[in-house]
Amino acid sequence: MLQRIRDKSSGWMAFTILGLVIITMAFFGIESYFSPKIETYSAKVEGPAKYWIWGKPSREVSQDEFRRRFEAQRMQERASQGEAFDAVAFESIDNKRRVLDEMIDEQVLALVAEREGITIGEAEVAAELKQMPEFQVNGAYSADQYRLGLAARGVTHAQFMASVRADMARRLLPSQVASTGLATDAELGEFLRLSRQVRDIALIDLPTPSAPEAPDQAALEAWYEANAARYRSPEKVAIEYVEIDANSLDVPTVVDEQTLRARYDEQRGRYVTEPLRTAAHILVAAPADADAATDQAARERAQALAEQARAPGADFAALARENSEDLGSKADGGLLGPIEPGLFEGPFQDALFALDEPGQVADPVRTPDGWHVIQLVDITAGSSRSFEEVRAEIEAEYLATERDRRFSDLGNALVERIYRDPTSLGPAAEATGLEVKRSALFERGRGEGIAAIAEVRAAAFADNQRIERQVSEAIEIGPGQIVVLHVVEVVPEAQIPLEEVAERVRADLVADTLSKASEAQAQALLERARAGESLETLAGEVGRTVAELPGVTRQAPLPPALITEAFRLPAPVEGEQSVGVVRLGPDRHALLKVTAVTEGSLEGLDEETRKALLGQVAQARALVEAEGYIRALRREYTVTVAEDRL
């Protein structure tokens, strides 16, 4: 048998198999056979393959990216809701999927931008940057604020510009779709007919049925067995933890003069600013890969525009509005605003900073976007603050930096020691001189002390900590505050004996009985009203009166369920009653009747209000159409979600 294989190993079939193996290794690499790939994404987006099964464009939402976005959303919700913030509800899988879906949409749009070859020019990116509120002081762009902002983010100018360019490319197509949103007067009329509709209603606030007789033991046992899931003690854990608080660390309180002067020299750029130049430009577009003839034609046109701009009495702004192909600045007469060294690089910057007097126009320069005709509009003098003027500021920053350095060093030492032995917290705490504390038992949704912090509870109930009993990673619980924890006790979820929850079971059973009786009473009266009996007759039977509520709008200060039902019911017609039932509480219902409907209209609207409302309707439609466009794009891509990693 082996001999026959050897005899045929030099035939055409052997060469075919060998060729397929070589091709496979060329595409996937031989290491893929020996190093299994461990997926760590929260979501993955894949587009159609370019070459049969190869060349699929793809992007991933990593676990770290998702976690950062989710935590940012948590902080935003907590800040906006205050005491009403529900940490447990926020952790729901539906909420996590909502945040993840936003990130998936972004990756889909990024792939579409790549597919369509969308690029954003430097001038457009610079204009966008200058509109960002975080880089403005008193409503105007500040180069100093921009530098401080980048330092806080820990990114370079090039990195930030690249991220802004990518974000603008992602948003371009949806914004173009949204910009086409239109609304007609007929649609506005229909919108107002519904939104301004007024209804007259009548209702009976039904009484709560009489309390049932006290349930006997058999009834309690039957209810308890049927609703056993209600009467379980939640899983609880207890943790050991160490905490590092930057505010409690010992740091120097006095800094010597030499150190402060050295710091001033290192950061001189913060205190001595170069003059800023305000520029305008005219772009004659020419792709970077344009052929020689196209490029030469663009250059000659740019040169001609430069000569026109230099002519006595020439209006550069008018020339730019008429000729520039930069959509971001054309309407503003080519104005780019204040420009500092480094904002534009290469020939554009060189040409601009070679000009000496406002009004001068440079010879055309080439960038990847095309040929630029640049005019120096204004020069803003730089500023300088002496060491003595900023000494106190430098000292405060230095002391804060020392505190941050001490905090960072201590945190890194703790984490490094934990990596050596992730199953015990004691050795790491001893090595770093930190105190190990212990919490009381707490639940997944609530706790006291350190366990009152949602991030601590989430880490404690993560599988790595709760099941595998590993020491957690550093958990940031506030500015300059981290906690590392180790689960030391787990009390599993368990059924609570009936004897311990008998009163609770009795209360639940009585409440359920009253709820069902209230529902049955309401439904019986509803059937009679539908059969033609008047509300006055029905109200008299239950000892109530009919409340008349004329002119109810969708914004009326009434229970939301009542408003919803009042506007859900059909308009009354001859010979029929438009009636319904509203649940106002666990054992409280109301019988509702719509007696009249008045449609909203455009009458009485002045022209300015009409235009504003028309714009609102158009904007609402634009948002819906943009969202629909993104949903349609998602159908072209394969999205894989790893819910176990959320």
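**Burial, fold and pockets**

Me: What share of the 646 residues in the protein do buried residues make up, and what makes a residue count as buried?

Reply: Buried residues make up 34% of the 646. Buried means under 20% relative accessible area, with over 50% called exposed and the range in between partly exposed (1.4 Å probe, protein chains only). This is a predicted model, in which local features need pLDDT of at least 70 and side-chain atom pairs count only at pLDDT 80 or more, while totals for chains, interfaces and linings use all residues. Residues are numbered from 1 along each chain as its sequence is written, and side-chain values use heavy atoms, with hydrogens and water left out.

Me: How do you know whether the protein matches a compact globule of 646 residues?

Reply: The radius of gyration is taken over C-alpha atoms, and the globule rule is 2.2 Å times the number of residues to the power 0.38. For 646 residues a compact globule would come near 26 Å, but the protein has 35 Å, so the protein does not match the rule. Its C-alpha atoms fill a box of roughly 95 × 90 × 75 Å along the principal axes.

Me: How many helices and strands does the protein have, and what makes a run count as one?

Reply: There are 24 helices and 22 strands. Both are DSSP runs numbered from the N terminus: helices are H or I with at least four residues, strands are E with at least two.

Me: Why is the space of about 1900 Å³ called a pocket?

Reply: On a 1 Å grid over the protein atoms alone, a pocket is an open set of points with protein on both sides within 12 Å along at least five of seven lines, whereas a cavity is a set where a 1.4 Å probe fits but cannot get out. The volume of about 1900 Å³, that of the largest pocket, is the space filled by probe spheres set on the points, which are joined across faces, edges and corners.

Me: What makes a residue part of the lining, and which lie nearest the centre of the largest pocket?

Reply: A lining residue has an atom within 4 Å of a point. The largest pocket has 46 of them, with Arg67, Glu71, Glu455, Ala458 and Ala459 nearest its centre. Elements giving two or more include helix H4 (63–81) and helix H19 (454–460). H4 supplies the largest share, 11 residues.

Me: Which classes does the lining of the largest pocket divide into?

Reply: The lining has 22 nonpolar, 7 polar and 17 charged residues. Ala, Val, Leu, Ile, Met, Phe, Trp, Tyr, Cys and Pro count as nonpolar, Asp, Glu, Lys and Arg as charged, and the others, Gly among them, as polar.
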